[in-house]
Amino acid sequence: MRDRMWRILGIIVFIMFFCAANAYASEELVVPISKTTNSGKDFSVRAFFKFSPIVAGEAIDSESFFDTPEIGSFKSKDYDDIFDSGYGGGLEVAYRHNNWVSGIFGVAYEHFDGEHFSSGKFMFPLGMPLPARAEVDDWDVVSIYTGAKLHLTGKKAERGWDPYCRFDIGGIYLSDSDIKIKVKANLPGGQVIEERYKEDFLDSSFEFMCDVGIGLEYKFGNFGIFGEAKYQYHTAPDSKKVMGLDLDPEGLSTVPIIAGASYYF
């Protein structure tokens, strides 16, 4: 009787040990593979906020102080003289092709507030050069682009840091922007001369854009948070003559600072 009990107990212990060994082996084989491959999470949607300081580009290109003696002149002005820094946001869809490369498609919107500035001197209305100030309307831009990210570590872990470089190329829509010119002078005897004019400045157009930058993302499960710094350039917008003068704007360069969140599926 006692021998039978020990045999039964030995069989039970053996079965328990066998089941525990199988469970341990299954865990060792399955869990690390799942964490390493990140299977089923190659697609992501990214939403971000964008702040874009202007760093280069001449909006009003005028080398001589008086372009036409009959009218007057604009002083040369960079974009950051007539527009404030841009701000906005955007959405991107990304697909991770392999451990090293992801493809991106995105749409972004930015708004630039117009500023007041000293614009030059104009021959109004008594045939004498009078100082003038100007203000441009706000400027809206929408960019549509595709690009690629190069993941510097080559890892697809579900949790941890993911540093990368990126490059984008696409098109950008630029809204029109009017310019308001105010000519004012106080003459001897208390007389005040003041004239106001409003004309088209930048015409709406669709231009080429590109950018290059670096970023860092922290991923945890299906979610991630990221930050980026980029250099972005787009070709010159179309412009119209203002007071008979061709202002000939150049392309615009900005340095967007980006912060956002992503969801992986």
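Is Val255 buried, partly exposed or exposed, and what is its relative accessible area? In this predicted model, Val255 comes out as partly exposed, with a relative accessible area of 28%. That value puts the residue in the middle class because buried is kept for under 20% and exposed for over 50%.

As for where Val255 sits, it is in the loop that links β16 (252-254) to β17 (257-264). Leaving aside residues up to four places away in sequence, Val255 touches Phe51, Ser52, Pro53, Val55 and Lys230. Ser85 is 170 residues away from Val255 along the chain, yet the two C-alpha atoms are separated by just 9.8 Å.

Zooming out, the protein chain carries two helices and 17 strands. Of its 265 residues, 38% are buried. Long-range pairs show up plenty in the contact list: taking contacts between residues at least 6 apart in sequence, 72% join residues at least 24 apart. The accessible surface of the chain adds up to about 14,500 Å², and carbon and sulfur atoms account for 63% of that.

Then there is the charge on the surface. Asp78, Asp80, Asp81, Asp246, Asp248 and Glu250 together form a negative patch. One of these patch members, Asp80, belongs to helix α2, which spans residues 79-82. Asp80 has a relative accessible area of 39% and so is partly exposed, and it can count towards the patch because the cut-off there is over 30% relative accessible area, with no salt bridge.

How values were computed
Residues are numbered from 1 along each chain as its sequence is written. This is a predicted model: local features need pLDDT of at least 70, side-chain atom pairs count only at pLDDT 80 or more; totals for chains, interfaces and linings use all residues. Side-chain values use heavy atoms; hydrogens and water are left out. Patches are made of residues with over 30% relative accessible area and no salt bridge: like charges are joined within 9 Å, nonpolar side chains (Val, Leu, Ile, Met, Phe, Trp, Tyr) within 5 Å. Accessible areas come from the Shrake-Rupley method with a 1.4 Å probe; for residues, only the protein chains shown count as cover. A salt bridge is a side-chain nitrogen of Lys or Arg within 4 Å of a carboxyl oxygen of Asp or Glu. Lys and Arg count as positive and Asp and Glu as negative; His and the chain ends are not counted. The place of a charge is taken as NZ of Lys, CZ of Arg, CG of Asp or CD of Glu. Helices (H or I, at least four residues) and strands (E, at least two) are DSSP runs, numbered from the N terminus. Buried means under 20% relative accessible area, exposed over 50%, partly exposed in between (1.4 Å probe, protein chains only). Contact means heavy atoms within 4.5 Å.
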